[in-house]
Amino acid sequence: MDGIGPETVNSTLSPAEINELSKIDSCLFGDRVLEKEDEAARLKALLKKGVEHYTKLATETKDNKVLSGHLCKLGHFHLLLEDYHKALSAYNKYYTLHPDHWRNSAFLYGVGIVYYHFSAFSWATKFFQQLIYNDPCFRKAGEVFCRLGLIFKISGSHEAAIKHFKLALSDHRSSGISRCEIKFHLGHLYEIQQRFNEAKTEYEDILKLPPAQLTTAVQANTLRQLGWLYHTVEEFDPATRSQKALELLQRSIEIDSNNGQTWYLLGRYHSSMGKVHDAFVSYRQSIDKSEANADTWCSIGVLYQEQNQPMDALQAYICAVQLDRGHEAAWRDLAILYEACQQPKDALVCYINAQRCKENKNDGIQNPEVAERVKAIEQIIKAQDMNGQQNHGKILPSIEEAWTLPIPAELTQRQSAFKCSPSVKQDSKSFLTSNPSTLSSTPGHIVNQNTDEAKSPILEQSCSWYLTPQQLQVMHNLQLNKPLLTPTQTMELERLQHTHLLMLEHQKKLTKSTDGNNVSKTENKTDDTDSRKNTLLPSITQLQSGSSDTNIDVVISSPKEIEETSLQDSEIPNRPFPPLLTPCGISETMLAREVITTCRKIVSNHTVPTEHLYLDKCPPPNRTSTPQPSLSKDKLCPPTPTIYLENKRDAMSKALANFCTHPGNPVTVIRGLAAALKLDLGLFSTKTLVECNGDCQVEVRTQFRQPSDENWDVTGQKRVWKCESSRSFTSIAKYAEYQAATFQESLREDTKKHQSSSTGGDGHSHKDQSIETDKSTDAQGIKKKNFKIIKFGTNIDLSNEKKWRDQLQELAKLPWLFRLVSAGNMLSHVGQTILGMNTIQLYMKVPGSRTPGHQENNNFCALNINIGPGDCEWFATPEEYWGVIAELCEQNNVDYLSGSWWPILEDLYNRNVPVYRYIQKPGDLVWLNAGTVHWVQAIGWCNNIAWNVGLISAYQYQMAVERYEYNKLTKYKSIVPLIHLTWYLAQHIRITDFKLFKMLKTCMMRTLWQSQKTLDTLKQSGISAVWHGKGENEPAHYCEICDVEVFNLLFVRQIQGSNSHLVYCEDCARKESTNLSGFVVLTQYHMDELMTIYDQFTLATKRVKKT
Ligand SMILES: O=C(O)CCC(=O)C(=O)O
């Protein structure tokens, strides 16, 4: 809520109009009512008056809270009037004045739409995610998911895009976006990912929709894409697919004969069927219908080439690449044409351009054939140059000449039309196709748009958003020239001014808080913590006695007080608790029943301002901001703590465990452990693994072998963050053969090298073949790297206790901290197998095998033992820098949580991120503390084993919950079910650490109340939950739709036409069916049972060891 009620201020507005305006907010954006002309005009006039009215109010208001409300209102009105610049300005002012903006769904929605409009996608994402996090049932959640889906689709995060479109689809409440349109995107994403069966199903489903639910555009596009699928996917109905493809394409044209894309695909179809004339006719139509289409010209080129008309083909390709210089296929086809005409130098230029296009596309798919052709042609040119060969009788003009050749008149017209007309037709009815203007429905062809260049003036806790001196200068210049500025420049000025304002405020706050710290330190000396408790926590008798609002007042701590407690009790310095652990202002000593009574009173007592409660909504989780003060440059390469063990006693010592788990040590290398404990690591050698279980599955990552501190794009020309690899599967035995073969090959190479140097070779002709196979310079003089392709055997599951009995037994010799199963390991109490976390994972490597950067699931600790015989090289960064790294990932267009990235070290050093770098020798154990970011590369041939440990400590628990909540925000699945784990821990573990106890209790209090509140609501609507219980080994449940953990109350729906059931969370279930029809609610625990566990979980006293 923005706190604005009907106004009584004198204005030209009538009371009815004021009343109407008071109810209008951003949610009206895109609503159907605005489609009716009369109504839209009336509203527009009203909104304009509203703008005047609230602008006047805003100028007259001194009170910041009231002012912020007016500004928010202005933001909404400007948005609805589609004045995005003014909307942004008003929203930003509101944002700065209103710290609780995260509670205001209408604001988050409105500002998200505005940022989306400006293609500032990372800001749009941030606000949309915050909105859904705290208001999952927001009226326009479906549309928000859609926009997020589009943002992820554009940035190439296809998995995330699919997830969000599915979320959008699961919302059955009406929204401004047609379901068929969403389904089309989903189908298209499957198609891009080459999940053809799923794409086909999705498209076919669309075509089965009743006509009322299907727009003409979607129907035509779907018919086209489905036709194209039938044409291209061989396994679909081999006998009839060709005929079906043609029928579908033709039907699409019948519905929409003006779609150039469909004509183009029909041309491709005819061309591949050898119907040259029909193909030309279709292409001709395509060119007439669509503005300058490079795809079409490229295909015309192919057709000419097939007809043996190279000059025509050349011209068509040139048309294509002149229209779209990033058209990879056209450059490639042009290269093939030149190769066929024996013009290798021109071919090389074109292949290299094709590679560059691929690289810019950022789609993660490599094209090894092009790389191979480049290599081969370079050799040919070299040989020709050495032999002094010149290519005289050229068939085609060179690429430079061709570029300047006059091109067909028709194309020239098209090109100029292209240049002066907007590149995408605006369709005001469908935001999905109108904005952002980057959608293409060509199969596998999505325009890659740089996301979010714009920096927002919005406050982050870090100082990375401070204006640089250059930006300050720009701001100054713009200010001086204010009357002359264009709208974009005005907006830029506003942006800079805001950031500047925020920067000054932030600096002021920092100074204040440093002063404040000093004060509170002295105060703390006399401050009795109990007295703080007394003000926060009421006695139960106070609460029980009567209807007392005042009693409830005592319970409720203000958000400020809660924030302070949250910071004080937090185990991670300067970080407030994540929402699930944020105190709700109710004492942890209160009994479960009283907790419930209190919560009920709070929510039902209307005199209590519930928005001041952190019971339902909390400030959403955020990334860590850059730690302050920044490290000096000489501290950016810290030495890695390494402990040398000499004997079993040292290995088992408490001192070792204390050292490893100390939050100040992100990583520890332990050397000599295997010898000290007489561990037989030979049990994990390739030979033994093959003998034991050679047929076990291995996931293979095909990668380039690169220097460990570099990561090059596929063309070998640019250093990048995105870390490419393709995935396949094999067996341990097969991988072992590969490991051995590559080793033998390297031995042979070494011997050759040796021989050549001892027989007086020049020492250069046999340069190290191990990493780069060749270094070359392309025709334009650009140096490029050619790396060997290697295979990395990863994520091999050793969980089967029968198959791997000897190995598991051997590891039981480890000290308790490192053991796979131990009483002190949270993951041993979770009651279910979490593959790779509380089971062993094996990695089989050849030199160069790399595990990209990541933090462990839910920030758990990890250990990794190198079995040898070769070494591994590790890079690690302390947990508090993960936010900076995530930001760098975002800037490099790769998803931090689900993507593969290999940091460019300079980028890290430039942002003052320290990097530990060390060698793990055979037998070394690497211990990674909670949340340490790390990336690893094999130097030699070796195997590694790894698993996770969840130390039962406040630090580890808080870290885990923090990531759990961040995952929820970004819709990334937490594979550790932390709520479930918390209740298990409470039942099975004695907790003596007060901070940890309080955190666990808060999580339990919140989830206990959540269960009760849901049951109360169900009861009110006459739905009773059905007892289900919890099987002994029944794993925790996750929502089918949003992947969030579902605790206790399972909303279950039967899959149509099958006996299987799906589990939903309440929010997703209600989005599918508001009154839950079609759902059964199952309970896994009786409330009494939960209350007993809650009450019986008390702080244990430390046992004093008898001496
Ligand atoms: O050995 C590897 O490459 C995997 C390293 C790793 O990320 C881990 O153990 O957590």
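Visitor: How do the residues lining the second largest cavity divide into nonpolar, polar and charged?
Guide: This is a predicted model. In it, the lining residues of the second largest cavity fall into three classes. The division is 3 nonpolar, 3 polar and 3 charged.

Visitor: Which residues line the second largest cavity?
Guide: The second largest cavity holds about 60 Å³ of space. Its lining includes Arg850. The full list is Gln703, Phe704, Gln706, Asn711, Trp712, Lys722, Cys723, Glu724 and Arg850.

Visitor: How many cavities of 30 Å³ or more are there?
Guide: The second largest has about 60 Å³. With 30 Å³ as the lower limit, the count is 5 cavities.

Visitor: Arg850 lies over the face of which residue?
Guide: Arg850 is one of the residues lining the second largest cavity. Arg850 is also placed over a ring face, 3.8 Å from the ring centre. That ring belongs to Trp902.

Visitor: At what distance from the ring centre of Phe236 does Lys200 lie?
Guide: Lys200 sits over the face of Phe236. A charge counts as over a ring within 6 Å of the centre and within 35 degrees of the ring normal. For Lys200 the distance is 5.0 Å.

Visitor: Which element gives the most to the lining of the second largest pocket?
Guide: This pocket encloses about 1400 Å³. Elements giving two or more residues to its lining include helix H6 (121-134), helix H38 (954-970), helix H40 (994-1020) and strand E19 (1049-1054). With 8 residues, the top contributor is H40.

Visitor: Which lining residues lie nearest the centre of the second largest pocket?
Guide: The lining comprises 49 residues. By class they are 25 nonpolar, 10 polar and 14 charged. Nearest the centre are Tyr133, Pro136, Lys968, Gln1010 and Asp1067.

Visitor: Is the aromatic pair of Trp874 and Tyr918 stacked or edge-to-face?
Guide: The ring centres are 6.1 Å apart, and the planes differ by 15 degrees. Planes under 30 degrees apart count as stacked, over 60 as edge-to-face. The pair is therefore stacked.

Visitor: How many residues apart are Trp874 and Tyr918?
Guide: The pair links distant parts of the chain. Trp874 lies in strand E11 (residues 872-877), and Tyr918 in strand E12 (residues 916-920). Trp874 is buried, because its relative accessible area is 2%. Tyr918 is buried too, at 7%, and the sequence separation of the two is 44 residues.

Visitor: What is the angle between the planes of Tyr94 and Phe107?
Guide: The whole structure has 32 aromatic pairs. One of them joins Tyr94 and Phe107, 4.8 Å centre to centre. The pair is tilted, with an angle of 55 degrees.

Visitor: Which residues form one aromatic cluster with Tyr94 and Phe107?
Guide: Tyr94 comes from helix H4 (residues 84-97) and Phe107 from helix H5 (residues 105-117). Both are buried. Their partners in the cluster are Tyr91, Tyr95, Tyr115, Trp123 and Phe127.

Visitor: The side chain of Gln322 reaches the backbone oxygen of which residue?
Guide: Gln322 lies in helix H16 (residues 310-323). Gln322 counts as buried because its relative accessible area, 17%, is under 20%. At 2.8 Å, its side chain reaches the backbone oxygen of Trp403.

Visitor: How far apart in space are Gln225 and Leu265?
Guide: Gln225 lies in helix H11 (residues 216-232). Gln225 is buried, with a relative accessible area of 0%. Leu265 is 40 residues from Gln225 in sequence. In space, C-alpha to C-alpha, the two are separated by 9.1 Å.

Conventions. Residues numbered from 1 in each chain as written. Predicted model: local features only at pLDDT ≥ 70, side-chain atom pairs only at ≥ 80, totals over all residues. Heavy atoms only, no water. Helix = DSSP H or I, 4+ residues; strand = E, 2+ residues; numbered from the N terminus. Buried < 20%, exposed > 50% of the residue type's maximum accessible area, 1.4 Å probe, protein only. Polar contact = N/O pair within 3.5 Å; in protein donor to acceptor, adjacent residues only side chain to side chain. 1 Å grid on protein atoms, 1.4 Å probe; cavity = no way out; pocket = protein on both sides within 12 Å on 5 of 7 lines; lining within 4 Å. Points joined across faces, edges and corners; volume = space filled by probe spheres on them. Nonpolar A, V, L, I, M, F, W, Y, C, P; charged D, E, K, R; others polar. Phe/Tyr/Trp six-rings, centres within 6.5 Å; stacked < 30°, edge-to-face > 60°.
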